[in-house]
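Visitor: I would like a close look at a single part of this model, taken slowly and with the side chains in view. Please walk me through one helix and its surroundings.

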Amino acid sequence: MSENTINRRALVREKKLTKNEIIEKSISILTISGVVLTIALTYLAYKNGLMTSEAKLKEFLDNMGNSAPIGFLVIQIIQTIIPIIPGSLTCPAGAMIFGTANGFIINFIGIMIGSVANFFLARKYGRQLVKAVVSKKQYDKYIRWLTDDKGFDRLFTFGMFFPISPADLLCWFAGISNLSFKKFFLILIAGKPITLFLYTYGLTEILKFFGKFIIG
């Protein structure tokens, strides 16, 4: 192999590394921005009584029109694929804004679509995409599970049934594992309703509790 060929391959690897670093930094910036924005909007919602007054909440939704559920659904899909806005804030918000039943349905559909998208994106584009989306620490931690198919299957199943697990991240890794889509989907659709219910309404009650102190 000539020296020029080796140099060209090294240059290609360096460019890929630089590109991944840029993507990782961009996602980190978007994530931080999303957290700050969501906290600010949540505070404003509390301050204006949107989460404590049914009349004010109804007025707010009336102003948004019929597009409000669709817009929120899109937000849930995006935050599942790229964690710009944390689900720990959007899930309770959905229940508070759209009501218990409707909020649950919108949250569930959005998260299901996002989770399936994570799986197929990872399966199509492989480990390089997963490396770009998740942090190096997370990648190094979970990639080792892929050497044991049964071990990863158990981890994924536990993650889908446990409310505070990194479920979205596990969907990315499921895409580069040997887990079949059929098994992936069955575990997902069995576990998500349970965890989403516990996660959403547990946090909803906590937010309502602290909201009383914020509003005074």
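**Helix H5 and its neighbours**

Guide: At 42% relative accessibility, Phe 120 counts as partly exposed, because that value falls between the 20% limit for buried and the 50% limit for exposed. The model is a predicted one, and Phe 120 is a place to enter it, since its ring pairs with that of Phe 181, the centres being 4.8 Å apart and the planes at 35°, so that the pair counts as tilted. The two partners belong to distant parts of the chain, with Phe 120 in helix H5 and Phe 181 in helix H10 (residues 181-215), 61 residues apart. Phe 181, at 30% relative accessibility, is likewise partly exposed. Both rings are members of a cluster that ring pairs build from Phe 119, Phe 120, Phe 152, Phe 156, Phe 181, Phe 184 and Phe 185, and the count of aromatic pairs comes to 13.

Helix H5 (residues 100-125) also packs with helix H3 (residues 68-81), at an angle of about 35° and with the axes 8 Å apart, in a crossing that is right-handed. From H3 the contact draws on residues including Pro 69, Phe 72, Leu 73 and Ile 77, while H5 contributes, among others, Ile 106, Ile 109, Gly 110, Gly 114, Ala 117 and Leu 121. Taken together, the residues of this contact divide into 11 nonpolar and eight polar, with no charged residue.

A charge does appear elsewhere, where Lys 124 lies over the face of Tyr 125, at 5.5 Å from the ring centre.

Notes
Residues numbered from 1 in each chain as written. Predicted model: local features only at pLDDT ≥ 70, side-chain atom pairs only at ≥ 80, totals over all residues. Heavy atoms only, no water. Axes fitted to C-alpha atoms, helices over the stretch in contact; angles between N-to-C directions. Helix = DSSP H or I, 4+ residues; strand = E, 2+ residues; numbered from the N terminus. Left-handed = near helix turned anticlockwise from the far one by under 90°. Contact = heavy atoms within 4.5 Å. Nonpolar A, V, L, I, M, F, W, Y, C, P; charged D, E, K, R; others polar. Phe/Tyr/Trp six-rings, centres within 6.5 Å; stacked < 30°, edge-to-face > 60°. Buried < 20%, exposed > 50% of the residue type's maximum accessible area, 1.4 Å probe, protein only. Lys NZ or Arg CZ within 6 Å of the ring centre and 35° of its normal.
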